[in-house]
Amino acid sequence: RINSPFYMKGNWLVIALFDKSKYLEGVTGFLNLPVIRDFYWLFSLYLGTAEGYDYASLNAANFYSMIGKNLVKDSESFLGSSYAIAGIVLIACVIILAAVFFFKSTKKSHIWLIGAFLISGIFCFATRMHERYMVPITIVLLFAWLYNKDWKTGILTILFTITNYLN
């Protein structure tokens, strides 16, 4: 027998809601655990650190490092504009190209490869890029390899993993 004033009044709906609130309390209590909060803190730190530096590239093996502009301010002049504006224009081109690939694709399995292309294009052309932002490419390619079961995708995954390690 439940020891609550709701039970004595015989209001079964209130009793059911009262009992369900214990589950809700358990879920919200779980979300307030220090481990969970630290996970979200780490996630926001990972995404928010780009504001901490304003360089075209920060030791990332991307387009700007390739042309010798590592640790150059993204506000400096580049092709009549700044590196930041050039990065936005180049990212827009990558997004348009990924959209073309997506709409011309005939296989559902290509979505993983298109996603890897999109992430790698953003990695190559976005300013304020750090080498750690290349890690998701390897993860997406791993899913593409598992989904496609194609040896060419496997080789691409292995090559990106090696590149990520060397970067």
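**Figure 1. Polar contact between Ser-109 and Asn-148.** In this predicted model, the side chain of Ser-109 makes a polar contact with the side chain of Asn-148, at 3.0 Å. Ser-109 lies in the loop between α5 and α6. When neighbours within four places in sequence are set aside, the residues in contact with Ser-109 are Tyr-147 and Asn-148. Ser-109 has a relative accessible area of 15%, so it is classed as buried, the limit for that class being under 20%.

**Figure 2. Helix α6 and its surroundings.** Helix α6 comprises 16 residues, numbered 110-125. At 1.5 Å a residue, this helix should span 22 Å, and its end C-alpha atoms are indeed 22 Å apart, so the expected and computed values agree. Which residues of α6 are buried? They are Ile-114, Ala-116, Ser-120, Gly-121 and Phe-123. The cover over these buried residues includes three helices, α5 (83-104), α7 (135-148) and α8 (151-166), together with the strand β4 (129-130).

**Figure 3. The nonpolar cores.** The largest nonpolar core of the model contains 13 residues. Within this core, the residues with the most contacts are Phe-123, Met-129, Tyr-133 and Ile-137. Two elements, α6 and α7, each give two or more residues to the core. The largest share, three residues, comes from α7. A second core, separate from the one just described, has six residues, among them Ala-56, Phe-78, Tyr-83 and Ala-86. Phe-123, named above for its contacts in the largest core, is also one of the buried residues of α6.

**Figure 4. The salt bridge between Asp-74 and Arg-128.** Side chains of opposite charge can pair when their charged atoms come close. How many salt bridges does the model contain? The count comes to one. It joins the side chains of Asp-74 and Arg-128, with a distance of 2.9 Å from N to O. This distance is within the 4 Å cut-off, and therefore the pair qualifies as a salt bridge. The two residues belong to distant parts of the chain, 54 residues apart. Asp-74 is in the loop between α4 (63-66) and β2 (77-78), whereas Arg-128 is in the loop between α6 and β4. Are the two partners buried or partly exposed? Asp-74 has a relative accessible area of 6% and is therefore buried. Arg-128, at 24% relative accessibility, counts as partly exposed, because the partly exposed class lies between 20% and 50%.

**Figure 5. Gly-154 in helix α8.** Gly-154 is part of helix α8. Its relative accessibility is 2%, so Gly-154 counts as buried. The C-alpha atom of Gly-154 is separated by 8.1 Å from that of Leu-141. Along the chain, Gly-154 and Leu-141 are 13 residues apart. Helix α8, which holds Gly-154, is also among the elements that cover the buried residues of α6.

**Figure 6. The chain as the setting for these views.** The chain has eight helices and four strands. Read from the N terminus, the order of its elements is α-α-α-β-α-β-β-α-α-β-α-α. Of the 167 residues in the chain, 25% are buried. Among contacts with a separation of 6 or more, 49% are between residues 24 or more positions apart. The chain exposes about 11700 Å², and carbon and sulfur atoms supply 71% of this area.

How values were computed:
Residues numbered from 1 in each chain as written. Predicted model: local features only at pLDDT ≥ 70, side-chain atom pairs only at ≥ 80, totals over all residues. Heavy atoms only, no water. Expected span 1.5 Å × (residues − 1). Buried < 20%, exposed > 50% of the residue type's maximum accessible area, 1.4 Å probe, protein only. Contact = heavy atoms within 4.5 Å. Core = buried A, V, L, I, M, F, W, Y, C linked by side-chain atoms within 4.5 Å. Polar contact = N/O pair within 3.5 Å; in protein donor to acceptor, adjacent residues only side chain to side chain. Areas by Shrake-Rupley, 256 points an atom, 1.4 Å probe, with all protein chains shown as cover.
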